[in-house]
Amino acid sequence: MNSVANNIEIRSMKIEDTNAMLAIDKEIRAAGKVITYANLTTEYILSAGGKISHRENPTSYADSITGNVAGLLDFSFVATADEQIKGFILGQVARLRQATTELGVIQMIGVHPDYQRKGVGTKLVNALADKCRSQGIKTIRLGIDHRDKSLLSLVEHMGFSVDRLIVYSKVL
Ligand SMILES: CC(C)(COP(=O)(O)OP(=O)(O)OC[C@H]1O[C@@H](n2cnc3c(N)ncnc32)[C@H](O)[C@@H]1OP(=O)(O)O)[C@@H](O)C(=O)NCCC(=O)NCCS
């Protein structure tokens, strides 16, 4: 950690942040290979569940989101430096099969390429962990492509370990 990390502030995500988040998503994709989230864009997550309207002339992406995104906003955070967004984490609450147990899920995390390896990702995951703890949620989960070394390194550095659940798939 260094002085950059000290200047980073973490706050809850607001709907108005979506344009800046999408811009960071684009920068990350332009800077290198996105592995875990290759087929899962921020835009897709924000539009899931019909949250995007088809207003004819939206002035911004945020303007076009009209659905109920409260569940997403409650567990999502942005990292700012001088009030500019430099990273974000999109989180949500999910239920395990035993319907009484809730867990926090990291849907996506992204840090601007110029701000990576400065402790920003750690702060974002910690913010989500704190929120989950405050709600009595005891576990955070995320799916990671095993080739995604940076994301694997981040979560292992933070004490996550491989769960019992393994995803199998078959191409049809
Ligand atoms: C994974 C990611 C979130 C990590 O964020 P970050 O702010 O760089 O992480 P941190 O600085 O908090 O890293 C903490 C520790 O995790 C490990 N780590 C993080 N990135 C690493 C990397 N690329 N290689 C090796 N270890 C890494 C290190 O142990 C690091 O500690 P250190 O820097 O003291 O060695 C960031 O690299 C990222 O945004 N990657 C792209 C993710 C993506 O594809 N998102 C979809 C598009 S939005």
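Good morning. I begin with helix 2, whose buried residues are Thr18, Met21, Ile24 and Asp25. These four lie on the same side of helix 2, because they cover an arc of only 120 degrees around the axis. I should state at once that this is a predicted model.

What covers that buried side? The cover of the buried residues of helix 2 includes helix 3 (42–47), strand 2 (77–81), strand 3 (84–95) and strand 4 (102–111). On the other side of helix 2, the exposed residues are Asn19, Ala30 and Ala31. The helix itself runs over residues 18–31, and its 14 residues reach 20 Å from first C-alpha to last, close to the 20 Å expected at 1.5 Å a residue.

Let me turn to helix 5. Its buried residues are Val120, Gly121, Leu124, Val125, Ala127, Leu128 and Cys132. They cover an arc of only 150 degrees around the axis, and therefore sit on the same side of helix 5. The face turned away from that buried side carries Asp130, Arg133 and Ser134, which are exposed. After helix 5 comes glycine 136, with a positive phi near 80 degrees.

Finally, the ligand. It is surrounded by 22 residues, of which the closest are Gly110, Gly121, Thr122, Ser150 and Ser153. Two or more residues of this shell come from each of helix 2, strand 4, helix 5 (120–134) and helix 6 (149–157). Which element gives the most to the shell? Helix 6 does, with 6 residues. By class, the shell around the ligand holds 9 nonpolar, 9 polar and 4 charged residues.

Thank you for your attention.

Methods. Residues are numbered from 1 along each chain as its sequence is written. This is a predicted model: local features need pLDDT of at least 70, side-chain atom pairs count only at pLDDT 80 or more; totals for chains, interfaces and linings use all residues. The expected span of a helix is 1.5 Å times one less than its number of residues. A residue is buried if 20 or more other C-beta atoms lie within 10 Å of its own, exposed if 12 or fewer, and partly exposed in between; C-beta atoms are placed from the backbone. The arc is that of the directions from the helix axis to the C-beta atoms. Two residues are in contact if their C-beta atoms, placed from the backbone, lie within 7 Å. A residue is near a molecule or strand if its C-beta atom, placed from the backbone, lies within 6 Å of it. Ala, Val, Leu, Ile, Met, Phe, Trp, Tyr, Cys and Pro count as nonpolar, Asp, Glu, Lys and Arg as charged, and the others, Gly among them, as polar.
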